[in-house]
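User: Please take a close look at one part of this structure, the surface around its C-terminal segment, and then say what else can be described nearby in the text of your answer.

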Amino acid sequence: MQVRNSVGAAALVAALLLTVGSAAAYDESKYPDFNGQWRRASRVQSDRIGAAFDPSKPFGRREAPPLTAEYQAIYDANLADMEQGGQGIDPTYKCLSPGMPRVMIPYSGMEFVVTPAATLILFERDWDFNRHIYTDGRGFPADMDLEPRYLGYSVGKWLDTDGDGRYDTLTVETRGLKGPRVYDASGIPLHADNETVIQERIYLDKADPSLMHDDITTIDHALTRPWVVNQVYKRKVSDKPLWLNHEVCGEGNNHVGIGKENYFLSGDGFLMPTKKGQAAPDLRYFKTGTR
């Protein structure tokens, strides 16, 4: 089990191992080799520096997500706002977490830490330190009385799909999500009721173990049908991958959200508009004019 040189990660792994008695109880040979640093294998870029949630489709409008008429209208209005220089409905400019399922695009490197009790997915970005996928046989709480989280509550199960005595596929279901969330930087919306259910099958490519697949099925009331995409990750070729851990979203973020409007802090420290014709914020609580 390869673990990043991090006190926090080490503590998490130690706690997980204690739940099964001892490190000796963990037979690594039963599990696939998920070690190393993983990054997305392809990136469809746009002028918004984004990647399509469905990597098999062009980024943006041509991605053609299976939205209901109501949520297609929300998406179209969001795109129109972006075309004018706005942020649309994508909340991540405020440094909010992308949440699930968007976080599995992913933005930068990620690492899998596999134990019998849980699989952790550690991210380099500051807002999503890890996903906890419980594999200790538990189900979801009967009353689902969970505090909603951007990454949700994930329960997984290991499968031996080819009957060779070793696990090869991790199946996961995630519930208990909160919003607002969108699928990618183009602002494809999820339903405001946050009753999203996300199912995943995570496995190594049989022909090339340096590739990992994550088949993601999103079930959401903003969709006309479940949306199935295949994310592919590439393992960095190195036995000593470099973890920079330097991407802190809030550092140098010049976006200023006031009400439903987004403004920008200029280099000389003044508030400026982000799109043509944008009105100034309401200054009713400030003195105006000369003293």
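Analyst: Tyr-285 is exposed, because its relative accessibility of 75% is over the 50% cut-off for that class. The model is a predicted one. Tyr-285 sits in the segment that follows β12 (271-272). On the surface, Tyr-285 joins Leu-283 and Phe-286 in a nonpolar patch. Together, the accessible area of Leu-283, Tyr-285 and Phe-286 comes to about 430 Å².

Another exposed residue is Lys-260, with a relative accessible area of 85%. Its place is the loop that connects β10 (255-258) with β11 (261-265). Between Lys-260 and Pro-281 there are 10.0 Å in space, taken from C-alpha to C-alpha, while in sequence the two are 21 residues apart.

The second largest pocket is a separate topic. Its space amounts to about 280 Å³. A total of 14 residues line this pocket, and those nearest its centre are Pro-32, Tyr-167, Asp-168, Leu-204 and Lys-206. Strand β7 (residues 197-204) supplies 3 residues, the largest share of the lining. By class, the lining of the second largest pocket holds 8 charged residues, 4 nonpolar ones and 2 polar ones. Thus two kinds of site have been described: a nonpolar surface patch that includes Tyr-285, and a pocket with 8 charged residues in its lining.

Definitions and conventions:
Residues are numbered from 1 along each chain as its sequence is written. This is a predicted model: local features need pLDDT of at least 70, side-chain atom pairs count only at pLDDT 80 or more; totals for chains, interfaces and linings use all residues. Side-chain values use heavy atoms; hydrogens and water are left out. Patches are made of residues with over 30% relative accessible area and no salt bridge: like charges are joined within 9 Å, nonpolar side chains (Val, Leu, Ile, Met, Phe, Trp, Tyr) within 5 Å. Accessible areas come from the Shrake-Rupley method with a 1.4 Å probe; for residues, only the protein chains shown count as cover. A salt bridge is a side-chain nitrogen of Lys or Arg within 4 Å of a carboxyl oxygen of Asp or Glu. Helices (H or I, at least four residues) and strands (E, at least two) are DSSP runs, numbered from the N terminus. Buried means under 20% relative accessible area, exposed over 50%, partly exposed in between (1.4 Å probe, protein chains only). On a 1 Å grid over the protein atoms alone, a cavity is a set of points where a 1.4 Å probe fits but cannot get out, and a pocket is an open set with protein on both sides within 12 Å along at least five of seven lines; lining residues have an atom within 4 Å of a point. Grid points are joined across faces, edges and corners, and a volume is the space filled by probe spheres set on the points. Ala, Val, Leu, Ile, Met, Phe, Trp, Tyr, Cys and Pro count as nonpolar, Asp, Glu, Lys and Arg as charged, and the others, Gly among them, as polar.
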